[in-house]
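Biologist: Please show the structure, and then let us examine its packing and its charged pairs in turn.

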Amino acid sequence: MSGFNFDVITLFPKAFELINNLGVITRALDKNLIDVNLHDLREYGEGSYRQVDDKPYGGGAGMVLKPEPIYKVYESIIKSPKSKTLLMTPQGKVLKQKDLARWSTLDQIIIICGQYEGFDERIRCLADEEISIGDYVLSGGEIPAITIINGLTRLLPGTLGDPDSLADESHNSSLLEYPQYTRPLTFKDMKVPDILVSGNHEEIKSWRRKKSFERTLERRSDLISNENYKKSPQSKRIIKESNQFMKFRIGNEFDVYPDW
Ligand code: SAH
């Protein structure tokens, strides 16, 4: 095994051709930082038709993946001691950036992709975690699996050109990222904020922190009211620094932080 191994159990291995065209992820493959091993469920199907699915007991629409082929392919995968198995399901815990960060310290992730109406309940015990990528239903677990491969790979050392680009970005510290600009200075009458071209790094830092906070408050205030966020010393500092700004913006209505 070299680098980080993703072992994916899927009925549609071709769907993963996408990762050969995804910039940073493709480079990580080329540099052998990751390996994506596709395990075609069909090859483990039963009988001459390689059957992998069947009608649900009790009736109802659609087909359900049978347990035996999934068990067979799962058992054929060599597991490292630092491995976790994730089952893709809209019934799982909704994926968060901190999950990707947590898994990035492993060296193998096995991902089981469902299809059709889902899978036989008895495969759930293979999974360490059941993961949903959001509160909607897709036709298969392949796009969720690619989402995880993509999000996790960019956290691995050596993957991004500049590791600093991870530090400030959205969801890393419960705050969304501040607004970003590149050239030209003026575009369709919209000018880059003066402060960003001032060269004053301290002020730029503080402006960005405030904008991050403002943005999060406007778009995702649910992230701010998170208990952990309130407790961390770093976030307390940010909150203090945003004090004046917050008073101006929302007056007395915002009472989540009584110590202000
Ligand atoms: N009938 C099932 C959904 C089946 S969708 C139910 O109601 O729970 C078919 C497969 O697509 C699932 O088994 C799962 O692997 C995948 N899938 C669909 N939506 C998903 C989501 N939001 N997150 C992760 N996997 C999903």
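Biologist: In this predicted model, which residues have the most contacts inside the largest nonpolar core?

Modeller: The largest nonpolar core comprises 29 residues. In soluble globular proteins, nonpolar side chains tend to be buried together. Within this core, the residues with the most contacts are I34, W103, I109, I111 and I148.

Biologist: Which element gives the largest share of this core?

Modeller: The elements that supply two or more residues to the core are strand 1 (4-10), helix 1 (24-30), strand 2 (34-40), strand 5 (83-94), helix 3, strand 6 (108-112) and helix 4 (142-153). The largest share amounts to five residues, and its source is helix 4.

Biologist: How many residues are in the second, separate core?

Modeller: This second core is separate from the one just described, and L41, V52, Y74 and F119 are among its members. Its residue count is 16.

Biologist: How many of the 12 residues of helix 4 are buried?

Modeller: The buried residues of helix 4 are E142, P144, A145, I146, I148, I149, G151, L152 and T153. Helix 4 is therefore mostly covered, since a residue is buried when its relative accessible area is under 20%. Of its 12 residues, the number buried is nine.

Biologist: What span should helix 4 have at 1.5 Å a residue?

Modeller: The expected span is 1.5 Å times one less than the number of residues, and helix 4 has 12 residues. The end C-alpha atoms of helix 4 are 16 Å apart, which agrees with the expected span of 16 Å.

Biologist: Which residues of helix 4 are in contact with W103, leaving aside its neighbours within four places in sequence?

Modeller: With those neighbours left aside, the contacts of W103 include F4, K84, L86, L95, I109, E129 and I131. The remaining contacts of W103 are I148 and L152, and both are buried residues of helix 4. The residues asked for are I148 and L152.

Biologist: How are the rings of F4 and F6 arranged: stacked, edge-to-face or tilted?

Modeller: F4 is buried at 3% relative accessibility, and F6 is buried at 0%. Their ring centres are 4.9 Å apart and their planes stand at 35 degrees. Because that angle is neither under 30 nor over 60 degrees, the pair is tilted.

Biologist: At what distance from the ring centre of Y74 does K79 lie?

Modeller: Y74 belongs to the second core. K79 lies over the face of the Y74 ring, and its distance from the ring centre is 4.3 Å.

Biologist: How far apart are the closest N and O atoms of R102 and D99?

Modeller: R102 and D99 are three residues apart in helix 3 (residues 97-103), so about one helical turn separates them. R102 is partly exposed at 35% relative accessibility, whereas D99 is buried at 2%. They form a salt bridge whose closest N and O atoms are separated by 2.9 Å.

Biologist: Is R122, the salt-bridge partner of D120, buried or exposed?

Modeller: The closest N and O atoms of R122 and D120 are 2.7 Å apart. D120 is buried, with a relative accessible area of 15%. R122 has a relative accessible area of 53%, which is over 50%, so R122 is exposed.

Biologist: Which residues are joined into one network by salt bridges that share partners?

Modeller: A search of the whole structure finds 13 salt bridges. Through shared partners, salt bridges join into one network K84, K93, D99, R102 and E129.

Technical notes: Residues numbered from 1 in each chain as written. Predicted model: local features only at pLDDT ≥ 70, side-chain atom pairs only at ≥ 80, totals over all residues. Heavy atoms only, no water. Salt bridge = Lys/Arg side-chain N within 4 Å of Asp/Glu carboxyl O. Buried < 20%, exposed > 50% of the residue type's maximum accessible area, 1.4 Å probe, protein only. Core = buried A, V, L, I, M, F, W, Y, C linked by side-chain atoms within 4.5 Å. Contact = heavy atoms within 4.5 Å. Phe/Tyr/Trp six-rings, centres within 6.5 Å; stacked < 30°, edge-to-face > 60°. Lys NZ or Arg CZ within 6 Å of the ring centre and 35° of its normal.
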